[in-house]
Amino acid sequence: MNRQPKILLVGCGSMGSALIRGWLKNGWSQDDIKVIDPNEAARSVATSLGVGVTEKPSERLQVDIIVFAVKPQVLTQTLPDYKKLVNGDRIFLSIAAGKPLKFYEDFFGKKASIVRAMPNTPAAIRQGVTVLVGNKGVNSAQRASSEALMGAVGRVAWLDNEELMNAVTAISGSGPAYVFLMIEALSKAGVEMGLSLDLAEELALTTVAGSGALAASSDMSPAELRRLVTSPGGTTEAALGVLMKNENFDTLLKKAVSAATKRGRDLA
Ligand SMILES: NC(=O)c1ccc[n+]([C@@H]2O[C@H](COP(=O)([O-])OP(=O)(O)OC[C@H]3O[C@@H](n4cnc5c(N)ncnc54)[C@H](OP(=O)(O)O)[C@@H]3O)[C@@H](O)[C@H]2O)c1
């Protein structure tokens, strides 16, 4: 496909609207995107972005990719309306957390081209990461289109083994919450040491954001960067002595990730 794929976005809430903003910044024209959402506020957001809103899915709609960005709990009532749009070329891409490919195949059939995607909230500022997995119906051109679509809001990676999607969700899907907790905890610790809340929060937040950006742009591994900050007998070493004693920090994070992975499995 030499042109940008035409998109029908189902659900224009926080993730859906972030996707539209990304697409518009990445070469899609407003005419290439249509939205379906019963929510008045969500429709206004779409309209304010210059994107057309349509009432119902219709076979007359010229779309290449249908993107489901609704909550997982409304999928069962939403998907049957889209069965009539199944054809050999169209991609059905869903960002709904937890629902396996088989769930969509039960509605659209095994021959439909279905992609399951797990983005994360930094997608709102186009710094997200999305992991994709496709069913057997997805060909290489459709993989490329799906990648371009989600690449508009950050990085993209593919999985071959869908089972690992729960681990992905536990790392990058839920991960922003762990980082926000780190900012909160670091701020609280600063206040305990006598800093004002404003200053403690600014220091914690800027340190997390700056360190993430440094790690992302550096040729050094995170472990090397950590060692660089850690002078023998210094302040960082004193703190790391607490965090790393008996692998405290590692163990806590492993437990958290394992709990999230298990929860993902239970919800599927
Ligand atoms: N936010 C995240 O961190 C994140 C990360 C990864 C994946 N996801 C997934 O992204 C999906 C969307 O999440 P979100 O946070 O953007 O949700 P959201 O803000 O609630 O947006 C969903 C939108 O879909 C609308 N909607 C409900 N039923 C619909 C239907 N039948 N057809 C079309 N639109 C319909 C909702 O309207 P009403 O509000 O009136 O129901 C709402 O405007 C979820 O499945 C979630 O699992 C989210």
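**Exercise 1. The faces of β6**

Which residues of β6 lie on one side and which on the other, and are they buried or exposed?

*Solution.* The model is predicted.
Step 1. Assign the faces. S113, V115 and A117 are on one side of β6. I114, R116 and M118 are on the other. In a regular strand, side chains alternate between the two faces of the sheet.
Step 2. Check burial. The cut-off for buried is under 20% relative accessible area. The residues on both sides of β6 are all buried, so both faces are covered.
Step 3. Conclude. Strand β6 covers residues 113–118, and 6 of the 6 are buried, so the strand is largely enclosed by the rest of the structure.

**Exercise 2. Building the sheet**

Find the order of the strands in the sheet, then trace the pairing from β1 to β6.

*Solution.*
Step 1. Set the scale. The protein has 11 helices and 8 strands. Its C-alpha trace spans about 70 × 40 × 35 Å along the principal axes. Of its 268 residues, 37% are buried.
Step 2. Read the order. The 8 strands form an open sheet, β3-β2-β1-β4-β5-β6-β7-β8, with mixed pairing. β3 (52–53) and β8 (154–158) are the edge strands, each pairing on one side only.
Step 3. Start at β1. Strand β1 (residues 7–10) runs parallel to β4, with 4 bridges joining them. L9 has V67 of β4 as its bridge partner.
Step 4. Move to β5. β4 and β5 pair in the parallel sense over 4 bridges. I65 is partnered with I91 in β5.
Step 5. Reach β6. Strand β5 (residues 91–94) and β6 run parallel, joined by 4 bridges. Here I91 meets S113 as its bridge partner in β6.
Step 6. Look at the side chains of β4 (residues 65–68). I65 and V67 point one way, I66 and F68 the other way, and all are buried.

**Exercise 3. The β3 edge**

How many bridges join β2 and β3, and in which sense do they pair?

*Solution.*
Step 1. Count. Strand β2 (residues 33–36) pairs with β3 over 2 bridges, in the parallel sense.
Step 2. Name a partner. V35 is matched with V53 in β3.

**Exercise 4. Three salt bridges**

Locate the salt bridges of D32, R116 and D266, and give the accessibility of each partner.

*Solution.* Side chains of opposite charge can pair when their charged atoms come close. A search of the whole structure finds 5 salt bridges.
Step 1. Take D32. D32 pairs with K6, the closest N and O atoms being 3.1 Å apart. The partners are 26 residues apart: D32 sits in the loop between α1 (14–25) and β2, K6 in the segment before β1. D32 is buried at 14% relative accessibility. K6 is partly exposed at 25%.
Step 2. Take R116. The closest N and O atoms of R116 and E162 are 2.7 Å apart. R116 is in strand β6 and E162 in the loop between β8 and α6 (165–173), so the pair ties together parts 46 residues apart in sequence. R116 is buried, with 5% relative accessibility. E162 is partly exposed, with 22%.
Step 3. Take D266. D266 bridges to K262, with 2.9 Å between the closest N and O atoms. Both lie in helix α11, 4 residues apart, about one turn of the helix. D266 is partly exposed at 47% relative accessibility. K262 is partly exposed at 47% as well.

**Exercise 5. Positive phi**

Where do R126 and E247 lie, and what is phi at each?

*Solution.* Most residues other than glycine have a negative phi.
Step 1. R126 has phi near 60 degrees, a positive value. R126 lies in the loop between β6 and β7 (128–134). Its relative accessible area is 35%, so R126 is partly exposed.
Step 2. E247 has phi near 55 degrees, again positive. E247 lies in the loop between α10 (235–244) and α11 (248–267). At 47% relative accessibility, E247 is partly exposed.

**Exercise 6. A charged patch**

Which residues form the negative surface patch, and which helix gives the most to it?

*Solution.*
Step 1. List the members: E184, D198, E201 and E202.
Step 2. Assign the helix. Helix α8 (residues 197–217) gives the most, with 3 residues.
Step 3. Inspect one member. E201 is in α8. It is partly exposed, with a relative accessible area of 38%.

Methods. Residues numbered from 1 in each chain as written. Predicted model: local features only at pLDDT ≥ 70, side-chain atom pairs only at ≥ 80, totals over all residues. Heavy atoms only, no water. Patch = residues over 30% accessible without salt bridge, like charges linked within 9 Å, V, L, I, M, F, W, Y side chains within 5 Å. Areas by Shrake-Rupley, 256 points an atom, 1.4 Å probe, with all protein chains shown as cover. Salt bridge = Lys/Arg side-chain N within 4 Å of Asp/Glu carboxyl O. Lys, Arg positive; Asp, Glu negative; His and termini not counted. Charge placed at Lys NZ, Arg CZ, Asp CG, Glu CD. Buried < 20%, exposed > 50% of the residue type's maximum accessible area, 1.4 Å probe, protein only. Pairing = 2+ DSSP bridges.
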